[in-house]
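The exercises below are meant for a reader who is new to this structure. Each one sets a task and then works through a solution step by step.

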Amino acid sequence: MAVRKFTWQDLPALLDFIGTVQAQNEQDRKVRQQSFQENLRQPDLYPEENCLLLEADGGILGCCLIFPEPSIRRAVLALDVAPQIEGSTLEEELVKQAISRSKELNAKVAHICLGQDSLRSELLQRAGFHLARVYWDMKWMGDHLPQADAPTGFTVRHFQPGDAAALTEVQNAAFTGSWGFCPNSVEQIEYRSSAGNTSHQGILFLYDQDQLAGYCWTCLAPSDGKTKGIIGMIGIAPDYRGKGISKPVMVAGMEYLQSIHVNEIGLHVDGNNTPAIRLYTSVGFEKVAELHWYEYTL
Ligand SMILES: CC(C)(COP(=O)(O)OP(=O)(O)OC[C@H]1O[C@@H](n2cnc3c(N)ncnc32)[C@H](O)[C@@H]1OP(=O)(O)O)[C@@H](O)C(=O)NCCC(=O)NCCS
């Protein structure tokens, strides 16, 4: 058994491994593999340093991506292991090596997100992690979208080529101060807005005349052979908060998802984020599960 760093020669075997552990059917597998590969190639990840592989008997049994967020001195870990080694000392070793790499990156904390019933929580606690934040997994339960027209003078339009700088600015302005948010560069936003799970039509801007007041960024994820629409990010610029304008841009995002016939709509939200939860509840979302963010202080 060895934990070692990824090289590009590992890519085919790694994608096979990811396809097997992350998806139950062929249709989902391709999408998961594409999305994993896009993560691997995202600006600032440097997979040859920040992707660790656990190898045993000549095959890949585990993988951990360590996403560096230097400006907030955080590293986010994304861990996948084969079912037969879940909870084992092999998985523990992979986690330990990921912690060491996070230290080398000069991070102050490492974070990892788990489903509420994940067996991994015990292993993480043994390794020194503690539960830091509870997020809600919410699902839209409505049968029709509420009416939510933008106020007079406001207009909604979708993202167009050349909008990455504006999207970066409004996202950073809206989320700065939110737990775990790391400001994005224009290059990162350019890359993510062209990823396979998102589309320009699915990124909606709310303008007050020519001033960008808020946005809703939708994306897609495979879910048991079906397509799930996701409200990935929604933000209102600080000067425009508390005026009730989040609902029109949210509904515009949901209208887009309905127009492409997604099978369901979901989102994740920090359980402490009262304005966001009130917004989501008011359009028909309900909490269906929790996600648990674990933290390791380095
Ligand atoms: C979440 C967010 C988009 C909501 O927009 P907003 O302009 O602040 O809120 P709105 O004025 O449209 O009101 C939405 C709901 O939140 C409530 N609300 C607004 N500000 C609030 C506050 N400070 N405390 C409690 N509730 C608040 C409103 O009363 C309304 O609920 P209601 O319909 O039950 O009355 C905005 O606060 C934001 O950009 N936050 C930072 C980014 C973020 O957290 N995004 C969501 C996670 S992806």
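Two strands are said to pair if DSSP finds at least two bridges between them. The model used throughout is a predicted one.

**Exercise 1. Describe the overall make-up of the protein, and explain why its radius of gyration agrees with that of a compact globule.**

Step 1. Begin with the secondary structure, which consists of nine helices and twelve strands.

Step 2. Turn next to the extent of the C-alpha trace, which spans about 65 × 40 × 35 Å along the principal axes of the protein.

Step 3. Compare the radius of gyration with the expected value: a compact globule of 298 residues would have a radius near 19 Å, and because the protein has 20 Å, the two agree.

**Exercise 2. Follow the pairing of strands β9 and β10, and find the residue with a positive phi in their hairpin.**

Step 1. Locate the strands, with β9 covering residues 211-223 and β10 covering residues 226-236, and note that they run antiparallel and are joined by ten bridges.

Step 2. Pick out one pair of facing residues, Ser-223 and Lys-226, the latter lying in β10.

Step 3. Look at the turn of this hairpin, where two residues lie between the strands and Asp-224 takes a positive phi near 50 degrees.

Step 4. Continue along the chain, which passes from β10 through helix α8 (residues 246-259) to β11 in a β-α-β crossover that is right-handed.

Step 5. Check how the two strands of that crossover pair: β10 and β11 (residues 264-270) do so in the parallel sense, over three bridges, and Lys-228 has Glu-264 in β11 as its bridge partner.

**Exercise 3. Trace the antiparallel pairings of β8 with β7 and with β9, and those of β6 with β12 and with β11.**

Step 1. Start from β7 (residues 154-158), which pairs with β8 (residues 203-208) in the antiparallel sense over five bridges, and where Arg-157 stands opposite Phe-205 in β8.

Step 2. Move from β8 to β9, a pairing that is again antiparallel and counts six bridges, with Leu-206 opposite Gly-214 in β9.

Step 3. Examine the hairpin of β8 and β9, in which two residues separate the strands and Gln-209 takes a positive phi near 50 degrees.

Step 4. Consider β6 (residues 130-140), which is joined by ten bridges to the antiparallel strand β12 (residues 285-297), and in which His-130 stands opposite Glu-295.

Step 5. Add the pairing of β6 with β11, which is antiparallel with five bridges and places Met-138 opposite Leu-267.

**Exercise 4. How is the protein divided into domains, and which helix gives the most residues to the side of domain 1 that touches domain 2?**

Step 1. Read off the division, in which domain 1 covers 2-128 and domain 2 covers 139-290.

Step 2. Take the distance between the domain centres, which is 28 Å over C-alpha atoms.

Step 3. Count the residues in the contact, to which domain 1 gives 17 and domain 2 gives 13.

Step 4. Find the main contributor on the domain 1 side, namely helix α2 (residues 26-40), with seven residues.

Step 5. Sort that side of domain 1 by class, which yields three nonpolar, eight polar and six charged residues.

**Exercise 5. Which residues come nearest to the ligand, and which element gives the largest share of the shell around the ligand?**

Step 1. Among the 22 residues around the ligand, the nearest are Arg-241, Ser-246, Pro-275, Ala-276 and Arg-278.

Step 2. List the elements that give two or more residues to this shell, which are α6 (164-175), β10, α8 and α9 (274-283).

Step 3. Identify the largest share, which comes from α9 with six residues.

Step 4. Finish with the classes, as the shell holds ten nonpolar, eight polar and four charged residues.

How values were computed: Residues numbered from 1 in each chain as written. Predicted model: local features only at pLDDT ≥ 70, side-chain atom pairs only at ≥ 80, totals over all residues. Helix = DSSP H or I, 4+ residues; strand = E, 2+ residues; numbered from the N terminus. Right-handed = clockwise from strand over helix to strand, strands pointing away. Domains from an automatic or database assignment. Contact = placed C-beta atoms within 7 Å. Nonpolar A, V, L, I, M, F, W, Y, C, P; charged D, E, K, R; others polar. Near = placed C-beta within 6 Å. Rg over C-alpha atoms; globule rule 2.2 N^0.38 Å.
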